[in-house]
Amino acid sequence: MMQRFSWAIAIAIVTMTAVAAAQGLPSKGFTPPRTPWGDPDLQGVWPGTEMVGVPLQRQQQFGERNVLTEEEFQARVLQAQQTADEALSDFDVTTADTRNAGAVGSATSPPPHWLERGKPSRQASLIVDPPDGRQPAQVPEAQKRVADLQAARRGRGPADSYTDRSLYDRCVTRGVLGSILPVIYNNGNEIVQAPGLVAIRNEMIHETRIVPLDGRPHLTPSIKGYMGDSRGKWEGSTLVVETTNLNGRNGVGGNGGGTTSDRITLTERFTMLDMNTLQYEVTVDDPGTWSRPWTIAFPWKRDQSYGMFEYACHEGNYAMKNILTGARADEGPVAGHK
């Protein structure tokens with residue numbers, strides 16, 4: 001009886017700890033360490049790998065609840081195991097289904113040893129606000145932008161020019177959030193600090209932002225870029241980073257797909273919950289795309305053994321050459337050639 005009671009207590013403690021982590025609550029009595037110059041010390045390697053598999057938007061069945069029940073969590077555990085088993089299963093190359101070529105987990109996707117899989121999480125979605133965990137409605141300006149883009153592509157093939165391919169395909173950048181949100185691999189993040197500045201390095205396509213903390217103003221609005229212009233400050237033990245001057249050519253999902261307006265502002269908050277957990281939160285405010293600001297939040301886990309490897313993408317950009325060459329071949333014989 002006592003042994004069963006002890007196990008029940010242990011399970012309850014683990015569950016409460018997991019729920020607290022899913023809600024971004026700091027450990028009781030925790031005080032972040034300090035740098036030699038007195039700032040909260042957030043330095044370290046913080047891969048987001050554990051959150052791979054948590055959807056950006058919440059399934060409607062969960063409503064305004066962002067923490068799974070035990071039954072729902074166990075279903076996610078089972079699904080993760082089935083996915084892992086299927087990825088390692090053998091298939092016959094002569095009969096493999098290639099209709100969804102390139103999709104993660106398909107017969108033509110990257111081999112399983114390339115992929116990173118998170119631990120099943122009790123967090124239902126990465127979006128925590130609005131309360132239903134879903135992106136707000138798009139404004140007419142954004143709807144028109146999408147319609148205009150679709151109209152401009154009518155009559156064109158998928159690869160008439162390199163400009164028909166995404167920034168993802170072209171290995172240019174994933175943007176701020178596309179470099180941070182957990183995806184199939186290269187989920188490393190590193191924070192390095194010095195007096196008056198913070199450097200935030202992403203393994204995904206090797207982006208690095210140098211964030212001044214000295215109160216200097218943002219660049220003039222006429223200067224815009226893929227990663228924007230970041231300025232930081234401390235609010236207690238939380239690092240707050242505001243990024244403006246974005247060019248609107250990246251989206252805000254994993255790998256940076258889609259677009260936004262160039263009036264978007266990202267406000268990130270980095271808060272240590274304990275020595276090995278850093279809560280990442282970002283509010284997306286883009287009046288040219290969504291009807292209200294919305295917020296993503298999820299924990300990063302410290303892992304100093306994690307390798308921040310070079311993200312070479314497609315070296316020499318052979319993929320673009322092959323995509324464009326393949327498109328020309330699909331269009332039929334070229335004049336003067338058989």
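Asp148 sits at 41% relative accessibility, so it counts as partly exposed. This is a predicted model, and Asp148 is a handy way into its salt bridges, since its side chain meets that of Lys144 in one of them. The overall tally is 17 salt bridges. Besides those, there's an open sheet of six strands to look at.

**Within helix H3**
- The Asp148–Lys144 bridge has an N to O distance of 2.7 Å.
- Both residues lie in helix H3 (residues 140-153), four residues apart, or about one turn of the helix.
- Lys144 comes out as exposed, at 53% relative accessibility.

**Salt bridges across the chain**
- Glu235 pairs up with Arg269, with 3.1 Å between the closest N and O atoms.
- That pair links distant parts of the chain, 34 residues apart: Glu235 is in strand S6 and Arg269 in strand S8.
- Both ends are partly exposed, Glu235 at 36% and Arg269 at 28% relative accessible area.
- Arg153, Arg156 and Asp164 are joined into one network by salt bridges that share partners.
- Lys119 and Glu50 also meet through their side chains, at 3.5 Å from N to O.
- Lys119 is in the loop between helix H2 (70-88) and S2, and Glu50 in the loop between strand S1 (44-45) and H2, so this bridge ties together parts 69 residues apart in sequence.

**The sheet**
- Its strands run in the order S2-S10-S9-S8-S7-S6, with antiparallel pairing.
- S2 (127-129) and S6 (229-235) are the edge strands with a single partner each, so one side of each has no neighbour in the sheet.
- Neighbouring strands are turned by 25° against each other on average, ignoring direction.
- S8 (residues 265-274) and S9 (residues 277-285) pair antiparallel over nine bridges, and Leu266 stands opposite Val284 in S9.

Methods. Residues are numbered from 1 along each chain as its sequence is written. This is a predicted model: local features need pLDDT of at least 70, side-chain atom pairs count only at pLDDT 80 or more; totals for chains, interfaces and linings use all residues. Side-chain values use heavy atoms; hydrogens and water are left out. Two strands pair if DSSP finds at least two bridges between them. Helices (H or I, at least four residues) and strands (E, at least two) are DSSP runs, numbered from the N terminus. Axes are lines fitted to C-alpha atoms, for helices over the stretch in contact, and angles run from 0 to 180 degrees between N-to-C directions. A salt bridge is a side-chain nitrogen of Lys or Arg within 4 Å of a carboxyl oxygen of Asp or Glu. Buried means under 20% relative accessible area, exposed over 50%, partly exposed in between (1.4 Å probe, protein chains only).
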